[in-house]
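Reader: I'm a first-year student and I'd love a close look at one part of this structure. Could you pick a spot, walk me through it slowly, and then show me what surrounds it?

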Amino acid sequence: MLSASRAFGGFMTTPGTVLHSESIATSIANATAWRIRYATCDESGRDQESTGLVVAPTRSGTDRPVLTWCHGTTGLGDASCPSAQHDPVRELTTYFTENASAQIDYGIPGLQAMIDGGWIVCATDYQGLGTPGMHQYMVSRTQARDALNIVHAARSMDVGAGTKLGALGWSQGGGTAAALAELDAADFGDLTLIGTVPMSPGVTSIAISHPAGPAAALTDPTVAPDSHLIMMLAGCAAGFPSLALSDVLSPLGIRIVDNAWNIQPVHHLNDTLARLFHLEGPILQVNKNAMPEWLAAFTRGSAARVKPMCPVLMCQDSFGDGTVVPVAWQQGYADAVTALGGTITVRDYPKDDHFSLPQSCIGDALSWLQSKL
């Protein structure tokens, strides 16, 4: 557990402190689950709160290894909170499947196998998704702190959580899992990060330097801006208050964000942006003089900044050259880790798109993490 004596500047509550917990039902066999609210912090050094799930085997045990799951993109506000969905302690169900009934992707891939293997599983919602303020979307180092601090919170609960930690994340959460391995050693306290598995990772600094896919509107004004891009701009402004959205968004863009951020999950927002772009005009309005400050903020919040402290297994979806996160972005992250002196293994899944990848690669990911214990 993170010691209260750890130097946390002016934080009012030590990150990792459980603020509330409640037992919740799950259909996962031989598992007990809680939804918790806990203290965390962001990349700018401010107090934050997040909610999330802690799932443990029902059989007694001590010194169990912990897995922290970093979920993919859901949105900017409370309508996008994974743990607030119906039956949240479940296997991953994605929006773009025929059996999906929710507006977001939620659940944890391989959760039953994790419990059967004796792991404690933590799944943060990230700050702003179910807690005050706008979610700092793609400020990956903030989300990484959320994913780490929920583990500190779980260790204060009577679930038998030990000190060995593995991380997995998909899409936005892939960038989070990557950034987790780049936090300061002091953030971990007595935890040891044995490995991290970014699945189709969205890494902000890589995306900005390769304006394709969701970032295509940055270079092609005839393309309606994707919700991922608009949320990245809004989330970065939420994470770094010196930034002004008026430097990157038109009055229409600001109006959409102001009205939609807390009530429209990612796919709903994408449809709204596409319609209003064609009906009312430009949503992006970039002040080039402000770009150096924005680019510095993107880099500050991103993964691929420093050498990862542990081995990395990147699972790559290459069907259609990457259907949400382009293969160029995924390979760009792998190249950056290598250049930083890190150890990375890339496993390619050529028959998987972005949304089928987690279920296809989770068995390999868990076997790889198990080998690191």
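Author: Start with C315, which is buried, its relative accessible area being 0%. This is a predicted model, so keep in mind that we're reading a prediction here. C361 is buried too, and its relative accessible area is also given as 0%. So what about a disulfide? That's a covalent bond between the sulfur atoms of two cysteines. For C361, the closest cysteine sulfur belongs to C315, and at 3.8 Å it's too far away for a bond. The cut-off used for a disulfide is 2.5 Å between the sulfurs, and the count for the structure comes to 0. C315 is accordingly in no disulfide, with the sulfur of C361 as its nearest cysteine sulfur.

Now zoom out a bit. Strand 8 covers residues 312–317 and runs parallel to strand 9, with 6 bridges joining the two. Look along that pairing and you'll find V312 standing opposite I344 in strand 9. Helix 9, residues 327–339, packs on the sheet here: it touches strand 7 (192–199), strand 8 and strand 9, and its direction makes about 165° with that of strand 8.

Zoom out again and you get the whole sheet. It's an open one with 9 strands, ordered 1-2-3-5-4-6-7-8-9, and the pairing is mixed. At the edges sit strand 1 (18–24) and strand 9 (344–349), each pairing on one side only. From one strand to the next, the twist averages 20°. Helix 2 (residues 140–155) lies across several strands, among them strand 1, strand 2 (31–41) and strand 3 (47–57), and runs at about 125° to strand 2.

One last stop: the aromatic rings. There are 4 aromatic pairs in the structure. Y95 and F96 make an edge-to-face one, with 4.8 Å centre to centre and 85° between the planes. Y95 is partly exposed at 25% relative accessible area, whereas F96 counts as exposed at 52%. F96 also pairs with F355: their ring centres are 4.9 Å apart and their planes lie at 65°, so that pair is edge-to-face. Since F96 is in the loop between strand 4 and helix 1 (111–116), and F355 is in the loop between strand 9 and helix 10 (357–372), the pair ties together parts that are 259 residues apart in sequence. F355 itself is buried, with a relative accessible area of 18%. Add W170 to Y95, F96 and F355, and you have one aromatic cluster.

Definitions and conventions. Residues are numbered from 1 along each chain as its sequence is written. This is a predicted model: local features need pLDDT of at least 70, side-chain atom pairs count only at pLDDT 80 or more; totals for chains, interfaces and linings use all residues. Side-chain values use heavy atoms; hydrogens and water are left out. Two strands pair if DSSP finds at least two bridges between them. Helices (H or I, at least four residues) and strands (E, at least two) are DSSP runs, numbered from the N terminus. Axes are lines fitted to C-alpha atoms, for helices over the stretch in contact, and angles run from 0 to 180 degrees between N-to-C directions. Contact means heavy atoms within 4.5 Å. Buried means under 20% relative accessible area, exposed over 50%, partly exposed in between (1.4 Å probe, protein chains only). Rings of Phe, Tyr and Trp (its six-membered ring) pair if their centres lie within 6.5 Å; planes under 30 degrees apart count as stacked, over 60 as edge-to-face and the rest as tilted.
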